[in-house]
Amino acid sequence: MSATRAIVDPIRYGFAVGRVRVLETRMLPPSTYERLLDARDFAERRRILGETIYGGYLERAHHTEGIERGLEAAIADLYAEFLGRANLPEPLVAYFRTRHDFENLKGRLKAEALGIEPGELFTRLGATPVEVFSGPAEGLPPLLRAAERRIRAAIEVADGPLDVERVDEAVDAELYAALADIVARAKSPFLATLFALEADLGNARAFIRGRARNVPVARMEGRFVPGGRIPRARLVSLYRLPLAEAAARLAATGSLRGVDPEALTDLERFDVAADVHRARLVRTSRLIAIGPEPVLGYVMERLAEVTALRTLLIGALAGVPREVLRARLEDVM
Amino acid sequence: MNETIMGLSGIDWAYFGAAVAAIGGGIGSAIGITLVSNAATGVVTEDPDKFGRILPLAAMPGTQGIYGFITALLVFIFFGVFAGDVDIAAHEGLRVFFACLPVAFVCMISGIYQGATAVGAAGMVARRDEDAGKALIFPALVETYAVFSLIVTIIMMLYIAG
């Protein structure tokens, strides 16, 4: 650590890191997941979560929508406290917020393609107010306006509606391009590693989804985003293999090393495994005494926790058997 | 004695040394305490029960300021400032000035780095109460060198005064 960082970082991040060190001890332990899995019904799960920081967010939840709303509120508060008030450099905050803006852009385009009201598709976690996404393109911030223009050019069927099937890949490609710009601006080795991992995880997700929907190889080439440690050509060649073999090889490649190969065959399990894998990298940030990394690490671990809770609570409400849920949460537990 | 070195008389050099020691130690302590206090307030915000365990860590970089203060006080005592009987040759005053430098520099640097070390130690206390004792040891190691510098300064001054 340089002499300047030794003085500046504790002054800038000391308070947030101090809080994070205590809050890390309040993350949900495996025993809480066990109790949640063993609970008879949602009321009992809510009671168990009442003893945790999620109690206040879920006390009025009775169904899927309420759970989603409660967990989103938990993330919103997390963002407000640790991205909004922790003195993190602007690119680090933008790295988290921008993905939600693109999520909303995706919602806006999908709603248009399907001819539905976009309200339910929007999240309030981005940097841009939700209302902007319901209005004309001119109201969007320049970054999103330009991205939308390029996306439309790529997926608009001549004189026809948007190709809804291609919205996801086109928006993801724009999102990763925007994130790559942010990472270059941040000049943070930690964020660069994280971005490469996220690109690999995003590609792995596209891989699994493509296989589940029997998307032909030719279509998949455009769905893999750049920026990961695993070259796109390698992903395409693996895509041609039988799923189990492809998953095994993928789990031994680049930054996906350490992911359970079975999680690479099941999208539900993959989402949890991906968050846990990301959190594993992020956990190395705990070894850094002071700086933005421990704060980012905590934010990401909490996001992984929310994903696990969402999988568990909504899965249980939908009647997914306990053993299936347990398998999906294996990486957390 | 009217002789001067670089325009400063003996007592001027002695005052200069005392001031540098007090300033160096004070700066080190002020920055060190600020560093660790930021993290400590974060910890106490989330868990007020940790106040007692974390306070020694926050106070630890304060000792460098005390060493600077002691050094300045010794200059005043050894060379008769309080007694109003100041009579130091210029070269002797210059020696007093040099005698003050170990405390001035080492305490300034060690105070800052002790604060930086204590930030990590505060993280240990935040996670596990029972590590509070161990957490004190690492910043205390930095203290060693501040103590050595004070000892060297005192020995040099005893030699000059004797």
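The exercises below, each with a worked solution, concern a predicted model.

**Exercise 1. The contact between the chains**

Describe the contact between chain B and chain A: how many residues does each chain give, and how much area is buried?

Solution.
1. Start with the residues: chain B contributes 19 residues to the contact and chain A contributes 18 residues.
2. Turn to the area. About 1,500 Å² is buried between chain B and chain A, and 67% of it lies on carbon and sulfur atoms.
3. Look for the main contributors on chain B. Asn38(B), Glu46(B) and Arg127(B) supply 38% of the area that chain B buries against chain A, more than any other three residues.

**Exercise 2. Polar links across the interface**

Find how many salt bridges and how many residue pairs in polar contact join chain B and chain A, then say which elements of chain B take part in the interface.

Solution.
1. The count of salt bridges between chain B and chain A is three.
2. One pair can be given by name: the side chains of Arg26(A) and Glu46(B) form a salt bridge, at 3.5 Å from N to O.
3. Six residue pairs are in polar contact across the interface of chain B and chain A, both residues being at pLDDT 80 or more.
4. On the side of chain B that touches chain A, the elements giving two or more residues are α1 (10-46) and α4 (90-127) of chain B.
5. The largest share of that side, ten residues, comes from α1(B).

**Exercise 3. A glycine in helix α1 of chain B**

Decide whether Gly42(B) is buried or exposed, and list what Gly42(B) touches beyond its sequence neighbours.

Solution.
1. Place the residue: Gly42(B) is in helix α1 of chain B.
2. Its relative accessibility is 0%, so Gly42(B) counts as buried.
3. Leaving out residues up to four places away in sequence, Gly42(B) touches Phe15(A), Gly18(A) and Arg19(A).
4. For a distance within chain B, take Ala121(B): Gly42(B) and Ala121(B) are 79 residues apart in sequence and 13 Å apart in space, C-alpha to C-alpha.

**Exercise 4. Two salt bridges in chain A**

Consider the salt bridges Glu65(A) with Arg69(A) and Arg108(A) with Glu148(A). For each, state where the partners lie and whether they are buried or exposed.

Solution.
1. In the Glu65(A) and Arg69(A) pair, the side chains meet at 3.2 Å, N to O.
2. Both residues lie in helix α5 (residues 64-84) of chain A, four residues apart, which is about one turn of the helix.
3. Glu65(A) has a relative accessible area of 43% and is therefore partly exposed. Arg69(A), at 53% relative accessibility, counts as exposed.
4. In the second pair, the closest N and O atoms of Arg108(A) and Glu148(A) are 2.5 Å apart.
5. This pair links distant parts of the chain, 40 residues apart: Arg108(A) is in helix α6 (residues 90-114) of chain A and Glu148(A) is in helix α8 (residues 142-155) of chain A.
6. Arg108(A) counts as buried at 11% relative accessibility, and Glu148(A) counts as buried at 3%.

**Exercise 5. A surface patch on chain B**

Which residues make the nonpolar surface patch of about 570 Å², and where does Ile70(B) lie?

Solution.
1. The patch is made by Ile66(B), Phe69(B), Ile70(B), Leu73(B), Ile77(B) and Phe82(B).
2. Ile70(B) lies in helix α3 (residues 62-78) of chain B.
3. With a relative accessible area of 30%, Ile70(B) is partly exposed.

Methods. Residues are numbered from 1 along each chain as its sequence is written. Chains are lettered from A and ligands numbered from 1 in the order in which they are written. This is a predicted model: local features need pLDDT of at least 70, side-chain atom pairs count only at pLDDT 80 or more; totals for chains, interfaces and linings use all residues. Side-chain values use heavy atoms; hydrogens and water are left out. Patches are made of residues with over 30% relative accessible area and no salt bridge: like charges are joined within 9 Å, nonpolar side chains (Val, Leu, Ile, Met, Phe, Trp, Tyr) within 5 Å. Accessible areas come from the Shrake-Rupley method with a 1.4 Å probe; for residues, only the protein chains shown count as cover. A salt bridge is a side-chain nitrogen of Lys or Arg within 4 Å of a carboxyl oxygen of Asp or Glu. Buried means under 20% relative accessible area, exposed over 50%, partly exposed in between (1.4 Å probe, protein chains only). Contact means heavy atoms within 4.5 Å. Buried area is the accessible area (1.4 Å probe) that two parts lose on being put together, summed over both. A polar contact is a pair of N or O atoms within 3.5 Å; within protein, one must be able to donate a hydrogen and the other to accept it, and residues adjacent in sequence count only if both atoms are side-chain atoms.
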